[in-house]
Amino acid sequence: MKNDRSWTEIDLTNFKSNLSKLKKKFHPEAEFMQIVKADAYGHGAYQIAKKAIECGAVSLGIANVQEGILLRYQGIKVPIIILSPSFDNEIDLILENDLIPSVSTVEFARKINEKGVCKIHINIDTGMGRSGIPYNIALENINDIRKLKNIEINGIFSHFSSAEEDPEFTKLQSDRFEQIISKLDILPKYIHISNSSGVITFPNKFANLVRLGLLSYGIYSNVEMKTKINLKPVMTFKSRITQIKSANKGDSIGYNKTFVAAKSMDYAILPVGYADGYDFLLSNRGKVILNEQVCNIVGKISMDMTAIDVSKISAPKVGDEVILLGGSNENISAENITSLYNGLSYELLSQIGRRAKRYYKENGKIIDSSPLLRRDFMPKDLSDNKLGNIIETAIEQRVHSKEIASLVHEDILKRLFAEKDKDIHYRQNFKHSIKFENSEEFPHYYLTSTDLSFNKKLQNDHFSVACANNETVLEKYFLRNDVEYRWLLDNSIDLNEMFFNITSVKVNNIELYHEMKIADGCIEIKCYHPKLKDLVGQVLDFSISTKTYYPKSSHQLSVYIIEMTQGVNISFESDLKNVEAVPIFSGKSKFPKIIKSNNKISISTNKDEWVFPTSGVVFVY
Ligand SMILES: *Cc1c(COP(=O)(O)O)cnc(C)c1O
């Protein structure tokens, strides 16, 4: 932060505490959707989404497809609802990225129905007068939509126009909505109407989902609400002094001489302006906090600079931190700052920090930060094709020949991804942990449990796990891409279920059935479940756990990575002394991090770092 001209601190501990206070205000059986549109009101959609999910959010609310694509790219898996209407030409992206559109017309539902199977939330306008099906024709429209065979109505919702200030109108909207719901013979999974203010001012029993936005960020939409719930602001916006100057009586400060010194005074220049999201209307009105004291803004706010009166501050210095918004000082709460120019907290928050880096805090400590210019960041599409292009371009840049690059690339594909199937397979979040325990039954062997988990696109409604006690036999299983896990047994061990078996195999928490077959010197376990059929083509969480035995006399154990993998963590646990890990990694991360504790040693890369096949680690004991 020392080098930042301005920055925001996002206090995730406050966010969590706001959520738990809000949760006490709604129906105990209701669930909540975290609203993260507009980059979570400027707080950073990814980090807020992660924390909200950890605190129980069942879904996320966003404004448009692009926000959804970014969250998916960042690895967010929960349902994401696009609250604003989408365009017809966005339907493909909605389906590809597994987003849930809101539907405000039967025509739009029909257009989706033509393209593919999709969950939707139907939006009903009960008086907001914005998007949504007008309430008086909602029932017949819902019934029309219900006839579309590719459409699953996952939710029906409406939106309050004045939940924070007009109880009568809010009740009217709520009654209109309840009327419609009460006439439906089949209810969708989710019924929702309350935004965060609605949760406080108008609790209701018929809805089973609420949508939390502004209040969860610790900002009140109305002063009276402060008596009903005690929330803490999540965002603090800060800058530091770059220059200190003096003005004599009659000198003017800033553009158009709107401030003229009435007597001699000291003032300081802050390197933030309206281009940083600090509103122009705060010119000559705004306040900031320096050394715990309030200072007034003097003159017009420029694009990149702002002047503050520091006459009352003892010994202000260049580099001193200045708080522009948030924190515990009421003078600069979003509510009070925006009241100075009749502005809106929603607006101020979502425009702040265009240039500022965000720092995330938990329990008073900085735990993460997000880069500058994040609003220009376009998600890289890591579809198989694009991944191929990336590899090809990388080679091209190194060998300075397009032709060679494309040949080498072809060759990589052929070698790695088997004969006929050129579809690139890759894994993410690869975790493999192996644990040795002493075995009473077989004192010369360690009872060995292995837990493997990763994310990968499901290719088929079944896959296999293979285990052989002979390297040549196992080799041919490395070529088969329906095999997700291979294990080499010591050749002193018999091939049977007592010495190698699956203890659990799951895909997205569905416990799969498994069936063992022993033939041609190999144990082959087929893992399957009827539910997998509908999940083919999606990136899913795989986890495979096994029990087996490993000879004590071997003194080494190897783990291989045989597919392109992003983010690797391999660990080995035992009560052995002096275990060493020798990673042999190809890819950018040649030297993964090795962490040793008492009985465990683990090797890991950053979660976004790619590791190429033919990497691995040898544990020596
Ligand atoms: C933005 C939005 C919300 C969140 O409203 P808050 O007042 O910030 O709680 C809820 N529902 C819809 C449809 C929205 O667009």
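A polar contact is a pair of N or O atoms within 3.5 Å; within protein, one must be able to donate a hydrogen and the other to accept it. Keep that cut-off at hand for the exercises below, which work through a predicted model.

**Exercise 1. The start of helix α1**

Find the side chain that reaches the backbone at the start of α1, then describe the helix itself.

*Solution.* Begin with D11: one of its side-chain oxygens comes to within 3.0 Å of the backbone nitrogen of T13. Set beside the 3.5 Å limit for a polar contact, that distance qualifies. Next, take the length of the helix. α1 covers residues 12–23, 12 residues in total, and spans 16 Å from its first C-alpha to its last, close to the 16 Å expected at 1.5 Å a residue. Finally, look at burial: the buried residues of α1 include L12, F15, L19 and L22, and the polar residues N14, S17 and N18 are buried as well.

**Exercise 2. The two sides of helix α14**

Work out which residues of α14 are buried, how they are arranged around the axis, and what they pack against.

*Solution.* Helix α14 runs over residues 471–478, and its buried residues are V473, L474 and Y477. Looking down the axis, these buried residues fall within an arc of 90 degrees, so they line one face of the helix. Their packing partners are three strands: β24 (462–468), β25 (483–488) and β29 (522–528). Now turn the helix around: on the face away from the buried side sit the exposed residues E471 and T472. To finish, check the N-terminal end, where N470 acts as the cap, with a side-chain oxygen 2.8 Å from the backbone nitrogen of T472.

**Exercise 3. Rings in pairs and in a cluster**

Classify the ring pairs Y41–Y217 and Y485–W487, and place them in the structure.

*Solution.* A search of the whole structure gives 23 aromatic pairs. In one of them, the ring centres of Y41 and Y217 are 4.9 Å apart and the planes meet at 40 degrees, so this pair is tilted. The pair bridges distant parts of the chain, 176 residues apart: Y41 belongs to helix α2 (residues 37–41), and Y217 to the loop between β10 (209–212) and β11 (235–240). Y41 is buried, with a relative accessible area of 7%, and Y217 is buried too, at 0%.

For Y485 and W487, the centres lie 6.5 Å apart with planes at 35 degrees, so this pair is also tilted. Both residues are buried. They belong to one aromatic cluster, together with F436, Y446, Y550, F572, F619 and Y621.

**Exercise 4. Charges over rings**

Identify the ring beneath the charged end of R427 and the ring beneath that of R486.

*Solution.* Take R427 to begin with: its charged end sits over the ring of F454, 4.0 Å from the centre. For R486, the ring is that of F478, and the distance to its centre is 5.2 Å.

**Exercise 5. Two loop residues**

Describe the surroundings of N222 and G56.

*Solution.* N222 is found in the loop between β10 and β11, and is buried, with a relative accessible area of 19%. A polar atom of its side chain lies 2.8 Å from the backbone nitrogen of E224. Leaving aside residues up to four places away in sequence, N222 touches E164 and E165.

G56 is in the loop between α3 (45–54) and β3 (59–62). This glycine is partly exposed, with a relative accessible area of 38%. Its C-alpha is 9.8 Å from that of K23, a residue 33 places away along the chain.

Methods:
Residues are numbered from 1 along each chain as its sequence is written. This is a predicted model: local features need pLDDT of at least 70, side-chain atom pairs count only at pLDDT 80 or more; totals for chains, interfaces and linings use all residues. Side-chain values use heavy atoms; hydrogens and water are left out. Buried means under 20% relative accessible area, exposed over 50%, partly exposed in between (1.4 Å probe, protein chains only). Helices (H or I, at least four residues) and strands (E, at least two) are DSSP runs, numbered from the N terminus. The arc is that of the directions from the helix axis to the C-beta atoms. Contact means heavy atoms within 4.5 Å. The expected span of a helix is 1.5 Å times one less than its number of residues. Rings of Phe, Tyr and Trp (its six-membered ring) pair if their centres lie within 6.5 Å; planes under 30 degrees apart count as stacked, over 60 as edge-to-face and the rest as tilted. A charge sits over a ring if NZ of Lys or CZ of Arg is within 6 Å of the ring centre and within 35 degrees of the ring normal.
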